[in-house]
Amino acid sequence: MLQKLSNIKNRKWLLSLLFILALSLAGWGISALIGSFIPLCLLLGVSVVYSIEKWLGYYTRKYKIVGKFYRLILNLSVLSLLGLLIWSGVSLFTQEFMQNPLIGSAVFLAELVVFIWFCRVVSKNSWRQPSMKLTVVSLVCIFVVFAFAGVQPFSDYKDEAVGKITSFINTQREEAEKRTAEARAEEIERLRNLGFSDPSSVVEELATNKELRIGIEVLEKVNAIRTERGSPELQWDSELYEYSLAHAEDMAAQKRLFHSSMYEPFAENAWGGEGSKSWTAQTIVDSWMNSSMHKTWLLCPSLRHVAVGVAYSNNGMYAAWTFWRSETSLSDWWYVYTPDDPPEWWY
């Protein structure tokens with residue numbers, strides 16, 4: 001009985017060795033033919049693991065140290081295959097993998113099949129230690145210790161990785177700073193075209209002054225409408241803005257709409273939106289454009305300078321479109337109070 005059992009074990013060892021030899025010779029022949037050692041390594045690894053799973057599993061189950069070593073080899077093999085797949089895939093994509101694209105594609109597919117099969121084998125042996133997580137963590141720890149201890153080539157890999165990461169971060173920072181500078185330059189030019197004498201300081205203020213930002217947006221939207229109708233664009237007037245902002249703040253404080261005295265050198269459109277603090281510039285412009293009297297002072301072609309003040313109440317928002325009376329004419333005011341016969345520029 002013992003002799004029969006011994007014969008069975010010897011036959012399994014013989015079958016394993018013959019299988020490994022056969023696949024190794026096949027891999028060596030393919031490798032010699034295509035000029036790469038990848039097929040030899042793949043077939044050798046497959047033959048060894050298959051032989052252990054098929055004929056020699058008895059030893060990995062009986063001897064724990066052998067089982068742990070086998071599991072470790074499986075884990076390392078899977079990780080190595082993953083790295084090989086990534087490298088091959090990148091090389092294949094850049095057409096640097098093998099001289100013949102067809103052969104390169106076939107080898108890559110073979111790597112993928114072997115990788116999947118190895119993963120299945122690892123999953124089948126999941127009851128054994130060490131686990132894949134433990135293997136990966138151990139490899140990372142070993143690499144970090146060797147890298148920072150100056151052991152080659154780990155130290156070079158670390159320096160190269162740190163250099164690339166630092167270069168990437170610096171590049172991203174430089175590009176972000178460049179985009180910020182370009183956006184700032186565009187903003188300054190935009191404000192200069194609107195008539196601001198010191199656009200640089202205004203850009204800084206816009207970062208925190210929501211009311212001023214909305215006022216400028218109102219002016220830009222009105223200018224777009226005027227341009228479509230053939231009227232000249234309006235310029236922002238800093239002195240008018242002081243009057244406009246003060247008027248908007250007064251309306252917000254009193255929570256009602258009213259106009260400045262007719263004896264003031266300026267006049268305004270007034271707007272108020274209670275119940276919300278999230279009104280937009282478009283809401284204000286649409287409201288004025290839907291009102292005959294207010295629309296007049298948005299489209300009046302004789303106007304050249306305006307300002308828009310915006311202020312908030314406890315539960316709403318107020319705005320004032322302020323302009324110089326000296327830039328208007330009697331006919332403009334006549335139309336405000338007799339809107340039944342509007343002039344051509346009104347349409």
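This is a short talk about a strand, a helix and some aromatic pairs in one structure.

Hi everyone, thanks for coming. Before we start, please keep in mind that this is a predicted model.

Let's begin with strand E2, which runs over residues 266–274. Is E2 largely enclosed or not, and why? Seven of its nine residues are buried, so the rest of the structure largely encloses this strand. E2 also has a pairing partner: strand E4, residues 316–324. The two pair in the antiparallel sense, over nine bridges. If you would like one bridge to look for on the screen, try Ala270, whose partner in E4 is Ala320.

Now to helix H11, residues 281–289. Which residues of H11 are buried? They are Ala281, Ile284, Val285, Trp288 and Met289. These residues cover an arc of only 130 degrees around the axis, which puts them on the same side of H11. Here is a handy rule for reading that pattern: an α-helix has 3.6 residues a turn, so residues three or four places apart point the same way. And what covers the buried residues of H11? The cover includes helix H9 (210–228), helix H12 (292–299), and our two strands from a moment ago, E2 and E4.

Next, the aromatic rings. The count comes to 16 aromatic pairs, and I'll show you two of them. In the pair of Trp13 and Tyr59, the ring centres are 5.6 Å apart and the planes are at 55 degrees, so this pair is tilted. Where do these two residues lie? Trp13 is in helix H1 (residues 2–34) and Tyr59 is in helix H3 (residues 57–62), so the pair ties together parts that are 46 residues apart in sequence. Both are partly exposed: Trp13 has a relative accessible area of 39%, and Tyr59 has 22%. They also belong to one aromatic cluster, together with Tyr58.

My other pair is Tyr50 and Trp55. Their ring centres are 6.0 Å apart and their planes are at 90 degrees, so this pair is edge-to-face. Tyr50 is partly exposed, with a relative accessible area of 32%. Trp55, at 18%, counts as buried, because the cut-off for that is under 20%.

One last ring before I stop. Which residue lies over the face of Phe148? That is Lys158, at 4.9 Å from the ring centre.

Thanks for listening, and do have a look at these places in the structure yourselves!

Methods
Residues are numbered from 1 along each chain as its sequence is written. This is a predicted model: local features need pLDDT of at least 70, side-chain atom pairs count only at pLDDT 80 or more; totals for chains, interfaces and linings use all residues. Side-chain values use heavy atoms; hydrogens and water are left out. Buried means under 20% relative accessible area, exposed over 50%, partly exposed in between (1.4 Å probe, protein chains only). Helices (H or I, at least four residues) and strands (E, at least two) are DSSP runs, numbered from the N terminus. Two strands pair if DSSP finds at least two bridges between them. The arc is that of the directions from the helix axis to the C-beta atoms. Contact means heavy atoms within 4.5 Å. Rings of Phe, Tyr and Trp (its six-membered ring) pair if their centres lie within 6.5 Å; planes under 30 degrees apart count as stacked, over 60 as edge-to-face and the rest as tilted. A charge sits over a ring if NZ of Lys or CZ of Arg is within 6 Å of the ring centre and within 35 degrees of the ring normal.
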